[in-house]
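The following paragraphs lead through a single protein chain, beginning with one residue and widening to the whole fold. Please keep the sequence and the model in view while reading.

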Amino acid sequence: QVQLVESGGGLVQAGGSLRLSCAASGRLFSTYVMGWFRQAPGKEREFVAVISWNDGSTYYADAVKGRFTISRDNTKNMNYLQMNSLKPEDTGVYYCAAKRPGKVKYDYWGQGTQVTVSS
């Protein structure tokens, strides 16, 4: 069982930066693939970024590639999303999620943190 708690959201002007954090409790955090998703008002939740459990490889949605960076610190059970050059279309609730390697669906989700980018 893994519990996830996001923090770091807020209101920022376009072009600004935010760093989201995801604190994980439970055992074996280092064995989970960690992802970030977001949901804009009136839209479905969408994938943002993912980081592997073992070699640190990452993958990003095209909409955030080159602006966002996902990272993790297994010694602290933490997952991060550094967001730079923010745009109004990045506005939404951001969710941290965890899954076992090889699985398609994410097993655990945080409660989300609101990110609002003003123009």
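A residue is called buried when its relative accessible area is under 20%, and exposed when that area is over 50%. The model is a predicted one, and the values below are computed from it. By this criterion R67 counts as buried, because its relative accessibility is 10%.

Where in the chain does R67 lie? Its position is in the loop that links β6 (58-60) to β7 (68-73). A polar atom of the R67 side chain is placed 2.8 Å from the backbone oxygen of A63. Beyond the neighbours within four places in sequence, R67 is in contact with Q82, M83, N84, S85, L86, K87 and D90. Of the strands, β8 spans residues 78-83, and M83 and Q82 are among the contacts of R67.

The strand that follows this loop, β7, belongs to an open sheet of 4 strands, arranged in the order β1-β3-β8-β7 with antiparallel pairing. Which strands stand at the edges of the sheet? They are β1 (3-7) and β7; each has a single partner strand, so one side of each is left without a neighbour in the sheet. On average, neighbouring strands of this sheet are turned by 15° against each other, with direction ignored.

In general, the strands of a sheet pair through backbone hydrogen bonds, in either a parallel or an antiparallel manner. Within the sheet described here, β3 (residues 18-25) and β8 (residues 78-83) run antiparallel and are joined by 6 bridges. One position can be traced directly: A23 has M78 in β8 as its bridge partner.

The view may now be widened to the whole chain. There are 11 strands and 0 helices, and the pattern read along the sequence is accordingly written β-β-β-β-β-β-β-β-β-β-β. Among contacts between residues at least 6 apart in sequence, 55% join residues at least 24 apart.

How does the radius of gyration of the chain stand against that of a compact globule? For 119 residues, a compact globule would have a radius of gyration near 14 Å, and the value for the chain is 13 Å, so the two agree. Along the principal axes, the C-alpha atoms fill a box of roughly 40 × 25 × 25 Å. Of the 119 residues, 44% count as buried, and R67 is one that meets this criterion. The accessible surface of the chain amounts to about 6,300 Å², with 49% of it belonging to carbon and sulfur atoms.

Terms used
Residues are numbered from 1 along each chain as its sequence is written. This is a predicted model: local features need pLDDT of at least 70, side-chain atom pairs count only at pLDDT 80 or more; totals for chains, interfaces and linings use all residues. Side-chain values use heavy atoms; hydrogens and water are left out. Helices (H or I, at least four residues) and strands (E, at least two) are DSSP runs, numbered from the N terminus. Buried means under 20% relative accessible area, exposed over 50%, partly exposed in between (1.4 Å probe, protein chains only). A polar contact is a pair of N or O atoms within 3.5 Å; within protein, one must be able to donate a hydrogen and the other to accept it, and residues adjacent in sequence count only if both atoms are side-chain atoms. Contact means heavy atoms within 4.5 Å. Two strands pair if DSSP finds at least two bridges between them. Axes are lines fitted to C-alpha atoms, for helices over the stretch in contact, and angles run from 0 to 180 degrees between N-to-C directions. The radius of gyration is taken over C-alpha atoms; the globule rule is 2.2 Å times the number of residues to the power 0.38. Accessible areas come from the Shrake-Rupley method with a 1.4 Å probe; for residues, only the protein chains shown count as cover.
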